[in-house]
Amino acid sequence: MAWLVLVISGLLETAWAIALDRSAGFSRLVPSLVFAVALAFSMGGLAYALREIPVGTGYAVWVGIGAVGTALVGMLWLGESTSLPRILCLLLVVAGVVGLKIFH
C-alpha cells in the first residue's frame with residue numbers, strides 16, 4: 001500500500017507543479033487552490049509512505065515521478081521543447097526510480 005500511495009503522491013507533485021505555473025504567481029484563484037490542495041495531499045501521501053519506505057528511497061522516487069511527470073506535461077501539452085537528449089535524460093530518471101524500487 002505504501003508504494004501505491006507514494007506513486008499517487010508523485011503524480012500529485014506533477015499536478016501541483018503545473019498548477020503553480022498556471023497560478024501566475026498566485027494571482028489566479030483556481031490554479032492557486034489546485035496547487036494548495038495537490039501539495040497538501042502529495043506531502044501527506046509522502047509522509048504516509050515514509051512510514052514503511054526508507055526516506056532516501058521514498059523521497060527520490062517521489063521527486064523522480066514528479067520531475068518526469070512535470071517534464072512530460074510540459075513537452076506534450078505546454079509547448080516545451082522535445083528533443084532526443086531531453087527524452088533520454090528523462091529515461092535515465094525513470095531507470096533510477098525503477099532501480100530504487102527493485103533494490104529496495
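Let's start with what helix α1 buries. In this predicted model, the buried residues of α1 are Ala-2, Trp-3, Val-5, Leu-6, Ser-9, Gly-10, Glu-13, Thr-14, Trp-16, Ile-18 and Ala-19. Look at the spacing. An α-helix has 3.6 residues a turn, so residues three or four places apart point the same way. Keep that in mind as you read down the list. Note also that Glu-13 is on it, and so are Ser-9 and Thr-14.

What covers these residues? The cover includes α2, residues 29-49, α3, residues 55-77, and α4, residues 84-102.

Now the helix itself. α1 runs from residue 2 to residue 22, which makes 21 residues. From its first C-alpha to its last it reaches 30 Å. That is close to the 30 Å expected at 1.5 Å a residue.

Next, the end of α1. The helix is followed by Ala-24, and the phi of Ala-24 is positive, near 55 degrees. Ala-24 sits in the loop between α1 and α2. Is Ala-24 buried or exposed? Neither, quite: its relative accessible area is 44%, so Ala-24 counts as partly exposed.

From there, over to Tyr-48. This residue belongs to helix α2. Ala-24 and Tyr-48 are 24 residues apart along the chain, and their C-alpha atoms are separated by 30 Å. Tyr-48 is partly exposed, because its relative accessible area is 32%. It also has company on the surface. Met-1, Leu-4, Ile-8 and Tyr-48 form a nonpolar patch there. Together these four have about 420 Å² of accessible area. Set that beside the buried list: Leu-4 and Ile-8 are in the surface patch, while Val-5 and Ser-9 are among the buried residues of α1.

On to the annotation. The UniProt entry is unreviewed, and it places the feature "transmembrane region" at residues 33-50, 59-78 and 84-103. How does the model look over those ranges? Take residues 33-50. The chain there is 94% helix and 0% strand. The end C-alpha atoms are 26 Å apart. Now residues 59-78. Here the chain is 95% helix and 0% strand. The end C-alpha atoms of this range are 26 Å apart.

Now the segment after α4. That is where His-104 is placed. With a relative accessible area of 46%, His-104 is partly exposed. Which residues does His-104 touch? Leaving out residues up to four places away in sequence, they are Trp-3, Ile-53, Pro-54 and Thr-57. Trp-3 takes us back to the start, as one of the buried residues of α1. Ile-53 is 51 residues from His-104 along the chain, yet their C-alpha atoms are separated by 8.3 Å.

Last item: charges. How many salt bridges are there? The count comes to 2.

One joins the side chains of Asp-21 and Arg-22, at 3.9 Å, N to O. Both residues lie within the 2-22 range of α1. Asp-21 has 48% relative accessibility, so it counts as partly exposed. Arg-22, at 36%, counts as partly exposed too.

In the other, the side chains of Glu-80 and Arg-86 meet, at 3.9 Å, N to O. Why does Glu-80 count as partly exposed? Because its relative accessibility is 38%. Arg-86 is partly exposed as well, with a relative accessible area of 28%.

Terms used
Residues numbered from 1 in each chain as written. Predicted model: local features only at pLDDT ≥ 70, side-chain atom pairs only at ≥ 80, totals over all residues. Heavy atoms only, no water. Helix = DSSP H or I, 4+ residues; strand = E, 2+ residues; numbered from the N terminus. Expected span 1.5 Å × (residues − 1). Buried < 20%, exposed > 50% of the residue type's maximum accessible area, 1.4 Å probe, protein only. Contact = heavy atoms within 4.5 Å. Patch = residues over 30% accessible without salt bridge, like charges linked within 9 Å, V, L, I, M, F, W, Y side chains within 5 Å. Areas by Shrake-Rupley, 256 points an atom, 1.4 Å probe, with all protein chains shown as cover. UniProt positions renumbered as here; feature names shortened; annotations may be inferred.
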